[in-house]
Amino acid sequence: MKRVERRLDTCSLTARFTFFVVMLTVVSGLVFGGLLGYDSMRDEVHEQYRIANQRLDFIQEPARFALYHLDTETVRALLQSFQQDPAYRRIDLVSDQGENFGHVNHAPAQPALLTPLIKRAFFNDLPAARDERLFHVSQFNTRKGIYVGRLKADFDLDHIINKATAALFTTFWLTCIQALVLGILVAAVFYASVGRPLQAITRTIRRHARRGQPFATLDLDVSGFELKRLVRHYNEHASRGERYLNELTEANRVLDEQTRRDPLTQDYNRRELVRRLAAMLAGLESGSEPLALVIWDIDGFSRVNDRYGQDIGDAALKEVSSRLRHAFSDGAPLYRLQADIFAMCFRPRDMDHLTTRLSDALRVETTLEAEKSCSTIELTLSAGMALAPEHAATPESLLHAAHIGLANAKHAGQQCLRTYSPEAGERQKRKVAALLLLKERLADGNFALAYQPKVCLKDGSLKGCEALFRLNRGELSAPYELLQEAEATGLIIPLGLEIIRRALTDFAPLLPALDDDFRLGINISPQQLVEPDFSHRLEQMLQHYRFPANRLELEITEATQLINNHAFKDNHRRLRDLGVSFSLDDFGTGYASIEYLLFIGFDFLKIDRQFVKDLPEDANSLRVCRAVLTLARELGCRTVIEGIETPAQEALMRKHQATLGQGYLYAKPMDIDAFKRYCHTRKATPRIPPEA
Ligand code: C2E
Ligand code: MG
Ligand code: MG
């Protein structure tokens with residue numbers, strides 16, 4: 001059954017419809033035709049049988065006379081009319097003596113296919129023979145048992161039934177032919193009005209799908225209410241589908257564009273740059289112009305964020321982006337790779353011209369609304385350039401090379417353009433190695449501190465010391481590159497806290513044995529001081545180690561940019577209120593302004609070693625030292641002279657009333673055990689300056 005259903009499913013609608021019509025006609029024809037045909041067949045058989053009997057009845061009287069008179073001629077003549085009638089198999093006229101006066105013989109009819117069945121089913125009651133002793137001697141002598149002859153007849157029922165069933169079969173065949181003709185007509189009409197239009201619709205839909213237009217409308221002229229409605233509804237749905245597809249395609253395009261763009265500046269992002277670089281590098285031909293990748297970084301951009309807040313930082317980034325786009329409007333698109341790093345690709349014919357153009361566009365002066373007033377911010381850019389295929393051949397390595405060029409530009413003092421060089425690459429590698437080492441040491445606390453004494457120039461007493469960071473014990477100087485890297489990456493913040501913790505641990509138990517005005521000096525990075533909770537954490541540490549705040553001195557280098565930083569000002573004020581002293585380190589080497597000195601209170605000014613090392617011979621150095629000492633006196637600050645190596649330098653500084661001295665003359669930086677011994681020896685043999 002299922003197989004039939006499956007077969008029907010795959011048949012065309014026309015074939016199925018025709019099949020059902022034909023089947024219906026045949027079955028109904030057979031049922032009704034069969035019922036009607038059966039009735040007429042039965043009547044026909046009985047009628048034929050009746051006629052055959054009747055004919056025998058007709059010859060009965062003449063046959064009696066003929067037999068009585070032994071008139072064989074008449075008998076023959078009577079039987080003659082039955083010679084042509086196959087309804088009888090045999091007719092015999094026999095005398096009472098058994099003598100045969102005449103007979104008719106027919107070969108039995110061949111029964112048709114269903115004749116025996118029909119005979120048995122419906123005509124079993126019909127007698128197949130007739131045997132009548134009807135030839136009495138006279139009409140008056142009808143005594144029983146006295147006859148002149150008899151008539152015997154055998155009917156050929158098969159013949160009679162054959163004739164009648166032939167009519168039945170004729171009805172059947174006619175029904176079949178009629179059904180067939182009807183089927184063909186129905187099929188033709190159905191195909192013309194439904195099948196063919198449906199096929200045309202299917203073909204058109206398929207063609208549209210093949211051409212990639214799944215929602216194209218059907219431009220078909222079909223007749224018939226239902227088909228017209230089908231086409232109209234399909235077209236309505238197709239139009240709706242097309243609109244939906246268009247919206248979806250547009251949304252996809254926008255989404256794709258968004259994933260390739262930076263949301264803030266709408267420049268393309270790093271992923272897109274890498275993708276396009278890959279295509280450009282693949283298309284590079286030998287001998288053609290090189291591909292130049294330039295990346296820009298805003299110098300000290302974090303300061304803009306720190307000072308003015310994120311919103312102004314964002315506005316500054318947008319401004320830089322638009323300036324760069326404007327400056328190189330003839331070039332390829334601009335990319336924003338990360339925070340304040342932008343990139344662009346060039347195919348320069350004239351390299352010198354490009355370099356000049358790039359160098360001219362490294363300054364951006366812009367007016368931004370900051371703190372409810374308009375501030376003019378001057379931003380400078382550093383740029384790094386790398387060339388393909390000369391420096392690198394893959395997108396990532398080209399980007400890396402351009403970053404090395406950028407690092408080189410930063411190293412060279414910012415606001416300049418530097419092209420990749422292998423030496424800069426080596427330096428970058430060293431930096432990365434340094435950073436790794438630093439992280440390692442910070443994680444396992446495997447670093448050392450050295451302490452260098454600070455001595456009162458007046459009486460030679462020990463007034464303090466400076467804690468200095470060392471990778472390993474016994475090293476003479478600090479790992480400067482490492483500290484720079486820590487500063488550049490922000491690692492200086494956790495490292496600085498660890499240094500404070502270690503120095504407090506070392507000195508907390510030592511303090512009672514030292515003079516009351518002995519101060520432990522610790523170098524602090526400006527980055528630590530802009531951490532909002534720095535003062536709070538330091539206070540907690542002081543409490544934890546029971547270290548009096550007034551015995552702590554924080555050395556900070558010149559950082560004019562911090563003047564307006566709220567966190568810095570807060571930390572500074574809170575710590576000074578606690579009693580912590582502040583020294584301005586390396587004074588004279590940076591750009592400390594008088595404003596900085598006045599607004600941010602310092603207890604000590606530390607004159608840098610570079611103004612001391614050539615004393616007493618160098619008059620210029622002496623002039624600077626004298627001026628700084630006077631300034632410090634005017635500001636009410638005490639002074640520390642760094643790098644005193646000779647007694648002459650010490651004497652000169654004492655003469656000019658500097659407060660404290662620090663240098664190899666007194667002691668080189670040493671570890672805590674050596675420092676304890678140093679204190680002990682100094683107590684035993686106090687060093688009295690010559691003039692004292
Ligand atoms: P700084 O704070 O000015 O430290 C003084 C530097 O001068 C130390 O160098 C010290 O060893 C050196 N020095 C002192 N007296 C003499 C002398 O008579 N002759 C010579 N040639 N040098 C002398 P160091 O330890 O190499 O430190 C260099 C700089 O590294 C420091 O300068 C400071 O800026 C930084 N630094 C050192 N330790 C730390 C630290 O723990 N944290 C931070 N943030 N910076 C540190
Ligand atoms: Mg210092
Ligand atoms: Mg210094």
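**Notebook: the two magnesium sites**

I began with the ion pair: the magnesium ion (ligand 2) and the magnesium ion (ligand 3) are 4.0 Å apart, and D585 coordinates both. I then looked at where two of the acidic residues sit: E555 is in strand β14 (residues 552–556) and D585 in strand β15 (residues 581–587), 30 residues apart. Strands here are DSSP runs of E, at least two residues, numbered from the N terminus.

I noted the ground rules. The model is predicted, with local features needing pLDDT of at least 70 and side-chain atom pairs counted only at pLDDT 80 or more, while totals for chains, interfaces and linings use all residues. Residues are numbered from 1 along each chain as written, chains are lettered from A and ligands numbered from 1 in written order, and side-chain values use heavy atoms, without hydrogens and water.

Next, ligand 2. I list its protein donors as E466 (OE), N523 (OD1), E555 (OE) and D585 (OD), 2.0 to 2.2 Å from the ion. A donor is an N, O or S atom within 2.8 Å of the metal (3.2 Å for Na, K and Ca); water is not among the atoms, so sites may look incomplete. The sequence spacing reads E-x56-N-x31-E-x29-D.

Then ligand 3. Its protein donors are D585 (OD), D586 (OD), E642 (OE) and E642 (OE), at 2.0 to 2.7 Å. Along the chain I read D-D-x55-E.

Last, I checked accessibility. E555 and D585 are both buried (under 20% relative accessible area; exposed is over 50%, partly exposed in between; 1.4 Å probe, protein chains only). For D585 I have 5%. D586 is partly exposed, at 23% relative accessibility.

Definitions and conventions. Helix = DSSP H or I, 4+ residues; strand = E, 2+ residues; numbered from the N terminus.
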